[in-house]
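Here are my notes on the model you sent, set out as numbered points so that each can be checked against the coordinates. Please read them with the structure open beside you.

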Amino acid sequence: MDPALLKLMHETEDSWWYRGRISIVCSALRRARIEKRTTALDLGAGYGGMCALLKKYADSVDAFEPDREAMQELARRGYRHIYADVTQALTEKHDIVGLFDVLEHIEDDEDMLVRLRDSLTENGVLVLTVPSYQWLWSAHDERNRHFRRYRARELRRKLVESGFEVRVISYWNAVLFPVAALARLCGVAGESGLSPGGLVNTILLQLIRFEAFVTRIVSLPFGLSLIAVAVKKK
């Protein structure tokens, strides 16, 4: 990811999107009946905005993040080990691996999914979020150095073929889908919408939290992003 955009994500951790994503991930893990484990790996951790969530599901949390400035913040936030090399990070076995808007940055995503499966302990858990729908491709994706966007069926297939049992897969950010889709098709990237501030930020956060409540029971049929929870097959 572009370091400037990585820093922007850090600066907007209090935004409706960032906090809403945490709510969505929590709901998906609860629906998948994932209990607390021993170790977790935050792969592509950025500045560590997902650390508090992962600590609810693991006694200790490690991170892979190549950005030097971000690594300093990760150490402050309490990650146990911080890896700058992805191969070294995946050599260690973990009970949970989280990729939060990371897989789309990896050119050979299917090879990475196999590597992730091999790095997990028996019955290990993979939780990930990705952007949805290739037809929504825009300058936003190019600036973020994405290789693709996903449909739920495609993501499920890749997970199953890589040796995972999919427990939960759902679209999210459905409430803003019509407006955001129109903006993307018109070439508007959307980063400015991450932190609208004030009342608008509060309203958007509540809408996403309502989606999170719904996804505890059923998967949403569309949205700007996808959430998936999968367990390593024996």
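1. The core of this predicted model is an open sheet of 7 strands, arranged in the order 3-2-1-4-5-7-6, and the pairing within this sheet is mixed. Strand 3 (82-83) and strand 6 (164-172) stand at the edges, and because each has a single partner strand, one side of each is left without a neighbour in the sheet.

2. At the strand 3 edge, strand 2 (residues 58-64) and strand 3 run parallel and are joined by 2 bridges, with Ala63 having Ile82 in strand 3 as its bridge partner. Strand 2 also pairs with strand 1 in the parallel sense, over 6 bridges, and here Leu41 stands opposite Asp62 of strand 2. Between strand 2 and strand 3 the chain passes through helix 4 (residues 68-77), in a β-α-β crossover that is right-handed. Strand 2 is mostly covered, since 6 of its 7 residues are buried.

3. Strand 4 (residues 94-100) deserves a separate look: 7 of its 7 residues are buried, so this strand is largely enclosed by the rest of the structure. Strand 1 (residues 37-43) is joined to strand 4 by 3 bridges in a parallel arrangement, and the bridge partner of Ala40 in strand 4 is Ile96. Strand 4 is likewise parallel to strand 5 (residues 120-131), with 6 bridges between them, and Gly98 has Val127 of strand 5 as its bridge partner. The connection from strand 4 to strand 5 runs through helix 6 (residues 109-119), and this β-α-β crossover is right-handed.

4. Helix 6 includes Ser119, and with a relative accessible area of 2% this residue is buried. The side chain of Ser119 reaches the backbone oxygen of Leu116 at 2.8 Å, a contact that you may wish to find in the display.

5. The count of salt bridges comes to 14, and the environments of those that I looked at are worth setting side by side. Asp141 and Arg149 form a salt bridge in which the closest N and O atoms are 2.8 Å apart, and both Asp141 and Arg149 are buried. Asp118 and Arg117 meet through their side chains in a salt bridge, at 2.8 Å from N to O; here Asp118 is partly exposed, at 40% relative accessibility, and Arg117 is also partly exposed, at 22%. For Arg167 and Glu165 the closest N and O atoms of the salt bridge are 3.4 Å apart, with Arg167 partly exposed at 37% relative accessibility and Glu165 partly exposed at 41%.

6. Salt bridges also link Glu13, Glu73, Arg76 and Arg77 in a network. As general background, side chains of opposite charge can pair when their charged atoms come close.

7. Which residues make the nonpolar surface patch of about 350 Å²? The patch is made by Val175, Leu199, Ile203 and Leu207. Of these, Ile203 is found in helix 10 (residues 198-215), and because its relative accessibility is 44%, Ile203 counts as partly exposed.

Methods: Residues are numbered from 1 along each chain as its sequence is written. This is a predicted model: local features need pLDDT of at least 70, side-chain atom pairs count only at pLDDT 80 or more; totals for chains, interfaces and linings use all residues. Side-chain values use heavy atoms; hydrogens and water are left out. Buried means under 20% relative accessible area, exposed over 50%, partly exposed in between (1.4 Å probe, protein chains only). Helices (H or I, at least four residues) and strands (E, at least two) are DSSP runs, numbered from the N terminus. Two strands pair if DSSP finds at least two bridges between them. A crossover is right-handed if, with the strands pointing away from the viewer, the path from the first strand over the helix to the second runs clockwise. Patches are made of residues with over 30% relative accessible area and no salt bridge: like charges are joined within 9 Å, nonpolar side chains (Val, Leu, Ile, Met, Phe, Trp, Tyr) within 5 Å. Accessible areas come from the Shrake-Rupley method with a 1.4 Å probe; for residues, only the protein chains shown count as cover. A salt bridge is a side-chain nitrogen of Lys or Arg within 4 Å of a carboxyl oxygen of Asp or Glu. A polar contact is a pair of N or O atoms within 3.5 Å; within protein, one must be able to donate a hydrogen and the other to accept it, and residues adjacent in sequence count only if both atoms are side-chain atoms.
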